[in-house]
Amino acid sequence: MKKLIFLLVMTAVLGLRTFAQESAAPTVEEIVKKANHTAYYQGFDGKSRVVMNIIDKQERTRSREFVILRKNTGQTDGDQKYFVYFQSPADVRKMVFMVHKHASVDQEDDRWLYLPNLDLVKRIAAGDKRTSFVGSDFLYEDVSGRNLAEDTHLLVQTTDQYYVVKNVPIKPETVEFSSYTVFIDKKTYMPMKMEFYDKDNVLYRTIESIKVEQIQAKEADQEVTYPTVTQSVVKDLKTGSRTEMTFSDIQYNIGLSDDIFTERYLRRPPREAMR
Amino acid sequence: MKVKWIWMTVIFFSIGAGAVAEENDGASPWQQLFSSVDVHGFTELRGGYRIRKDPYQKDMSVMEARTQLDLSSYNDWGDFKYKGDIWGDLVAEQGDYETRELWFFTRPADWMDFKLGRQVLTWGTGDLLFLNDLFPKDWQSFFIGRDTEYLKAPSDAAKFSFFTDAANIDVVYTPKFDSDRYITGQYLSYWNNSLSRRAGRDAYVYTDKPDRCFRDDEIALRIYKNINNYEYALYGYWGFWKSPAGMTPTGSATFPDLNVYGASVRGQVAKGIGNAEIAYYESADDQNGKNPLISNSELRYLVGYTQEIAKDVTGGLQYYLEQMLDYNAYLRHLSGGPKRDRDRHVLTARLTKLLMNQNLSLSMFTYYSPSDSDVYLRPNIHYKATDTLSVETGANIFFGDHPHTFFSQFENNSNIYAAVRYSF
């Protein structure tokens, strides 16, 4: 009898625990980790053609076109290498911007710029990551990802569609915002909207994923699909300008060699970047 | 000379390795061979005036209308590039044409690149200071305020690049010596030692330039390796002084033999990028400095540091030292004219600020030599009005205590310029 009671109790306890595990919402750390992975780290490597339209409040447009190659090199969701080959406008055509991104907060990224007219490989001092990327409303950090360890994360709301996470910088003096809120799709873990609040807690900047597509790829000989943002827009509510970014010709796991992210290919870009 | 032949052999065999064309399923044979040709270029108007009266030059420092055409074709088996400039020049009072680039590039093997033809070449770590980069510079264009692109004159050369795990190697063979575009007196006045005064259009520099193909040749070598993103390099050069560094007894300027051996390192230091470079200039025709008509050997040193100071503001500092060897021999054999110091120290400072979504750039580059007591300032304002139209204005300001020192000799060439460029 005692044995039976014991068994019953055990079953109940185990059952409850299983039940609890199934229904428990992921922790906020799990959410931001997965979102970071989805936004910046899918596949081993990837390629995309990018058209960027920078539109000021008088609707004057400047355009940038480039091909971006990316390769994950470090531990899971850690270091990465980026190769950005500019195609237009004319004054930056054939310029290459290369970054070896370091996930460690203590280590600065390594950056290079190749100027074809002078055949010059220039080393660029790692700078403020919250500086405009090629004069657009996107910042370096928007393009290559903000380190998760630089913010505290708080799950403020769970809606039918989104996990809503509020992020507060640990070193507020290093950034221009006081916090930002990210709306993360519950199914795909894609960040769909980011809202940045200034030091007076006024919303001043938003980034939206306008279009997400399922991109087919192969991973370890298996067919996989990676949800991928193919259109996004950042709006600067203070200046009234916005930048639209459209991605096309997206490919994952194309086997980019490590060599591509070296001086040899800065001086003569790989065909992956030129096609 | 022996070393040259070793490199000649390397080059010979490399050509033998050749390029292999890949199979391609296209329509016509032409299309199979060439992908589309990209056509680009720009049209530019540029004008500038001296801000001081120069008795030996026109008031105009630069006045030209220029069009550049740029054709390129990238194919699996190789790339082609053509870039040519045509311009009307009111200072020289003539129309002119120059092929800036005309080359073929191929990647015959995983471990090798090959580029043949007229090409612009750059290596080394200095910012507008060159120690181991012995490729031709166009100082004339630089000082009169043409686009910085023109500081680099093209070389007619073959560049072989080899990539191995141990290190990467670049070998550049120039069959016929490509000198710098030095100051001739046509566009810029300069210190003329035999006249003991500044001179210009009244006293062109006549040179006796080595010009025998495959005999008066140049070899430049770089061996480099990246270790944890610290870039190390060793350099070698066997050729000639790039600007006149000697004088024949009859008064023609010459380009004596020069060999250069050097090394550099570049990488992250604190929040910025640090670089250091050293070069030994062996004046091969005057090994111990006894010939007063030929420049002595030199040691050149450079250290530099660049950092982002604030958002969109970058600052850079460099210290450069040119040290004449066999200085006592130089003093003993000095025959009139102002004597130079053994050491020439130069400090440079660069400050660049980007504004208006990085469309407006303000920059200032300063050379200051405490030993020569002279200064060269290069302020520039560049604005991209649209994606195709840009305007810029700037100046080249020289001054100093003595009329013969490197920057000070150009004092009367101090100029301001402005340009508008339409790119397509």
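In this predicted model, B:Arg50 and B:Asp54 are partners in a salt bridge, and their closest N and O atoms lie 3.6 Å apart. Both residues of this pair, B:Arg50 and B:Asp54, are buried. Elsewhere in chain B, salt bridges that share partners link B:Glu298, B:Arg300, B:Glu322, B:Arg340, B:Arg344 and B:Asp372 into one network.

These contacts belong to a longer list, since a search of the whole structure finds 62 salt bridges over all chains. Three of the pairs are set side by side here.

| Salt bridge | N to O distance |
|---|---|
| B:Arg50 and B:Asp54 | 3.6 Å |
| A:Asp151 and A:Arg146 | 2.9 Å |
| A:Glu263 and B:Arg222 | 2.7 Å |

Which chains does the salt bridge between A:Glu263 and B:Arg222 involve? A:Glu263 lies in helix H4 (residues 263-267) of chain A, while B:Arg222 lies in strand S11 (residues 218-227) of chain B, so the pair joins two chains. A:Glu263 is buried, and B:Arg222 is buried too.

The salt bridge of A:Asp151 with A:Arg146 has its closest N and O atoms 2.9 Å apart. Are these two residues buried or exposed? A:Asp151 has a relative accessible area of 4%, and it is therefore counted as buried, the limit being under 20%. A:Arg146 has a relative accessible area of 12%, so this residue is buried by the same limit.

Chain A, to which A:Asp151 and A:Arg146 belong, has a secondary structure of five helices and 13 strands. The C-alpha trace of chain A spans about 90 × 50 × 35 Å along its principal axes, and of the 275 residues of the chain, 50% count as buried.

From the chains we can turn to the enclosed spaces, of which a search of the whole structure finds five cavities of 30 Å³ or more. The second largest cavity has a volume of about 1,000 Å³. It is lined by 50 residues, and those closest to its centre are A:Ala39, A:Tyr40, A:Asp142, A:Val143 and A:Val229. Which element supplies the largest share of the lining of this second largest cavity? That share, six residues, comes from helix H2 (residues 28-40) of chain A. Sorted by character, the lining of the second largest cavity holds 28 nonpolar, 13 polar and nine charged residues.

On the surface, a nonpolar patch is formed by B:Val37, B:Val39, B:Leu45, B:Leu69, B:Leu389, B:Val391, B:Val420, B:Tyr422 and B:Phe424, which together have about 710 Å² of accessible area. At least two residues of the nonpolar patch come from each of strand S1 (38-50), strand S22 (389-400) and strand S23 (415-423) of chain B. One member of the patch, B:Val391, is found in strand S22 of chain B. Why does B:Val391 count as partly exposed? Its relative accessible area is 34%, and partly exposed covers what lies between the buried limit of under 20% and the exposed limit of over 50%, so B:Val391 falls into that class.

B:Phe114, which is found in strand S5 (residues 112-119) of chain B, has a relative accessibility of 12% and therefore counts as buried. How far apart are B:Phe114 and B:Gly246 in sequence and in space? B:Phe114 and B:Gly246 are separated by 132 residues in sequence, and from C-alpha to C-alpha by 35 Å in space.

Terms used: Residues numbered from 1 in each chain as written. Chains lettered and ligands numbered in written order. Predicted model: local features only at pLDDT ≥ 70, side-chain atom pairs only at ≥ 80, totals over all residues. Heavy atoms only, no water. 1 Å grid on protein atoms, 1.4 Å probe; cavity = no way out; pocket = protein on both sides within 12 Å on 5 of 7 lines; lining within 4 Å. Points joined across faces, edges and corners; volume = space filled by probe spheres on them. Helix = DSSP H or I, 4+ residues; strand = E, 2+ residues; numbered from the N terminus. Nonpolar A, V, L, I, M, F, W, Y, C, P; charged D, E, K, R; others polar. Patch = residues over 30% accessible without salt bridge, like charges linked within 9 Å, V, L, I, M, F, W, Y side chains within 5 Å. Areas by Shrake-Rupley, 256 points an atom, 1.4 Å probe, with all protein chains shown as cover. Salt bridge = Lys/Arg side-chain N within 4 Å of Asp/Glu carboxyl O. Buried < 20%, exposed > 50% of the residue type's maximum accessible area, 1.4 Å probe, protein only.
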